[in-house]
Amino acid sequence: MKYYFSLLLLIITFSESFSQEKNDFIGFSQSDFYLSGQINYAKTTSENFSQSAFNFQPTVGYFLDNSNALELGLIVGLNEAGDSETNSFGVQTSLIHFFNTENKFSFTLGVGLAYVSTKFDNGFQGDYTSNLFQGAVFPGVNYFVSDNFSLIANLGVLSYVTEKGDFQGAEAVNSFNINLNLSNINFGVLYKF
């Protein structure tokens, strides 16, 4: 908890200092387009086992007004662990509110929906597919490092997920998640046109 409070204090301090830097900086405005995304790759190996995971989430955004952007994106994933392989493909849409879009640093708050279809091949039990639907609320930050490039980060998520496999006897699994764990911050980049 003390780490979360310290980070919040640091962000507020940076926010106050960057709010002084308006000068010629434009930030976001109505009708701006941007591309953003995240790429994650991890590989673990031991003497008898190896696992690799790759995730790619490209997104395009459009500002409906000076502070609200509509995002559409893809979700692509591949996970290999021993003889098992998992392939995921999905789509997502979000509405993101940017606070202080005229500043280099701004907080964001998003709400979104996602659908992901995942195909599992675990070698000995055969193939099956799982369908996942998610609704989420997620806070974040945006910091422009130049007039067109910025760094973005999601600071956690509040989500509801329902998932069901396509095999006989499968039941839907529903979960409600609150994740504000600062060790699980997702970073990405954004390019404004």
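**A walk through a predicted chain**

Leaving aside residues up to four places away in sequence, Ser 88 is in contact with Ile 75, Val 76, Gly 77, Val 116, Ser 117 and Thr 118. The model in which these contacts appear is a predicted one. Ser 88 itself belongs to strand 4, which covers residues 84-98. One of its neighbours deserves a second look: the side chains of Ser 88 and Thr 118 form a polar contact at 3.0 Å.

From this one residue, turn to the chain as a whole. The protein chain contains one helix and ten strands. Read from the N terminus, the order is α-β-β-β-β-β-β-β-β-β-β, so the helix precedes the strands under the numbering of elements from the N terminus. The chain has 193 residues, and 31% of them are buried. Contacts also reach across the sequence: of those between residues at least 6 apart, 55% link residues at least 24 apart.

Strand 6 spans residues 127-144 and includes Gly 140. Is Gly 140 buried or exposed? Its relative accessibility is 1%, and because buried means under 20%, Gly 140 counts as buried. Beyond residues up to four places away in sequence, Gly 140 touches two runs of the chain: Ser 106, Phe 107 and Thr 108, and also Ala 153, Asn 154 and Leu 155. Another glycine, Gly 156, is 16 residues away from Gly 140 in sequence, while the C-alpha atoms of the two are 7.6 Å apart in space.

Asp 127 brings us to charged side chains. Side chains of opposite charge can pair when their charged atoms come close. The structure has one salt bridge. It joins the side chains of Asp 127 and Lys 119, with 4.0 Å from N to O. Are these two residues buried, exposed or partly exposed? Asp 127 has a relative accessibility of 48% and Lys 119 has 43%. Both count as partly exposed because that class lies between the 20% and 50% cut-offs.

The last stop is empty space. Rolling a probe the size of a water molecule over the atoms shows where such space is left. The largest pocket has a volume of about 1,200 Å³. Its lining consists of 45 residues, and those nearest the centre are Gln 38, Gln 57, Gln 92, Gln 134 and Asn 186. What kinds of residues make up the lining of the largest pocket? There are 24 polar residues, 19 nonpolar ones and two charged ones.

Definitions and conventions: Residues numbered from 1 in each chain as written. Predicted model: local features only at pLDDT ≥ 70, side-chain atom pairs only at ≥ 80, totals over all residues. Heavy atoms only, no water. Buried < 20%, exposed > 50% of the residue type's maximum accessible area, 1.4 Å probe, protein only. Helix = DSSP H or I, 4+ residues; strand = E, 2+ residues; numbered from the N terminus. Contact = heavy atoms within 4.5 Å. 1 Å grid on protein atoms, 1.4 Å probe; cavity = no way out; pocket = protein on both sides within 12 Å on 5 of 7 lines; lining within 4 Å. Points joined across faces, edges and corners; volume = space filled by probe spheres on them. Nonpolar A, V, L, I, M, F, W, Y, C, P; charged D, E, K, R; others polar. Polar contact = N/O pair within 3.5 Å; in protein donor to acceptor, adjacent residues only side chain to side chain.
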